[in-house]
Amino acid sequence: MSHIKQIQEIRERARKQISQGAVTADYELDRTRVIGILNEALATEIVCVLRYKFHYFMASGIHSQAVKSEFKEHADEEQEHADQLAERIKQLGGKPEMNPAILTNRSHSEYKEGSSLADMIREDLIAERIAIESYREIIQFLGDKDPTSKRLMESILAKEEEHADDMADLLFAVEPQTGEGSRNLYFADEVPAAAKSQN
């Protein structure tokens, strides 16, 4: 088929299928499945926003001011991810699922409050690690068949890795002489498990 003929067919399809918006006939994946997967990522991001916001408002103790600003920054970035995912779901002809009654069931990470500042950081680090692993799986599933969704998930993954690194830096310190190992940065009374073991 000549290039001119191919362009003409693309033009005709674009006119006939105008109601499909951004989705063209050559979209190779099952759209319903992709929308479902992206809605799971959306739920994960919304749950992360809520957890980080709670931690921002509830953080207290000697280390809290620096940590609070980190929680707030992460909450804002997770909200940005949620907005981007919702927009992509809409582009694919789906409905972003934001019903609070089902968000926690769809989310990959859990909503865990934590009972101390160290607990809060630990829960956020665990949630980021869950997101990193599950988002890598989503990226592999999308492959080259949906490059737009793949690029979006890759950019979100990069930010989640940064968040995990931030949380690990807040929670643990490496030995300055060797750069190896790690130790807690928090006082025993800020870490419930440590406080119990001393009694």
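How many helices and strands are there in the protein chain? Some notes to get you started on this predicted model:

1. The answer to the opening question is seven helices and two strands. Reading from the N terminus, the order is α-α-α-α-α-α-β-β-α, so the two strands sit next to each other in that order, with one helix after them.

2. Have a look at helix α2, which covers residues 31-58. With 28 residues at 1.5 Å a residue, α2 should span 40 Å, and the C-alpha atoms at its ends are indeed 40 Å apart, so the two figures agree. At the N-terminal end of α2, Asp-30 acts as the cap: one of its side-chain oxygens is 3.0 Å from the backbone nitrogen of Thr-32.

3. Now for the inside. The largest nonpolar core has 40 residues, and the ones touching the most other members are Phe-71, Leu-85, Ile-121, Tyr-135 and Met-153. At least two residues of this core come from each of α2, α3 (64-91), α5 (117-142) and α6 (147-171). The top contributor is α5, with 11 residues.

4. Phe-71 is a good residue to click on. Leaving aside residues up to four places away in sequence, Phe-71 touches Tyr-52, His-55, Tyr-56, Ala-59, Leu-117, Met-120, Ile-121, Asp-124 and Met-167.

5. A few totals for the chain as a whole. Of its 199 residues, 39% are buried. Among contacts with a separation of 6 or more, 73% are between residues 24 or more positions apart. The accessible surface is about 11900 Å², and carbon and sulfur atoms account for 50% of that.

Key
Residues are numbered from 1 along each chain as its sequence is written. This is a predicted model: local features need pLDDT of at least 70, side-chain atom pairs count only at pLDDT 80 or more; totals for chains, interfaces and linings use all residues. Side-chain values use heavy atoms; hydrogens and water are left out. Helices (H or I, at least four residues) and strands (E, at least two) are DSSP runs, numbered from the N terminus. The expected span of a helix is 1.5 Å times one less than its number of residues. A polar contact is a pair of N or O atoms within 3.5 Å; within protein, one must be able to donate a hydrogen and the other to accept it, and residues adjacent in sequence count only if both atoms are side-chain atoms. Buried means under 20% relative accessible area, exposed over 50%, partly exposed in between (1.4 Å probe, protein chains only). Contact means heavy atoms within 4.5 Å. Accessible areas come from the Shrake-Rupley method with a 1.4 Å probe; for residues, only the protein chains shown count as cover. A nonpolar core is a set of buried Ala, Val, Leu, Ile, Met, Phe, Trp, Tyr and Cys residues joined through side-chain atoms within 4.5 Å.
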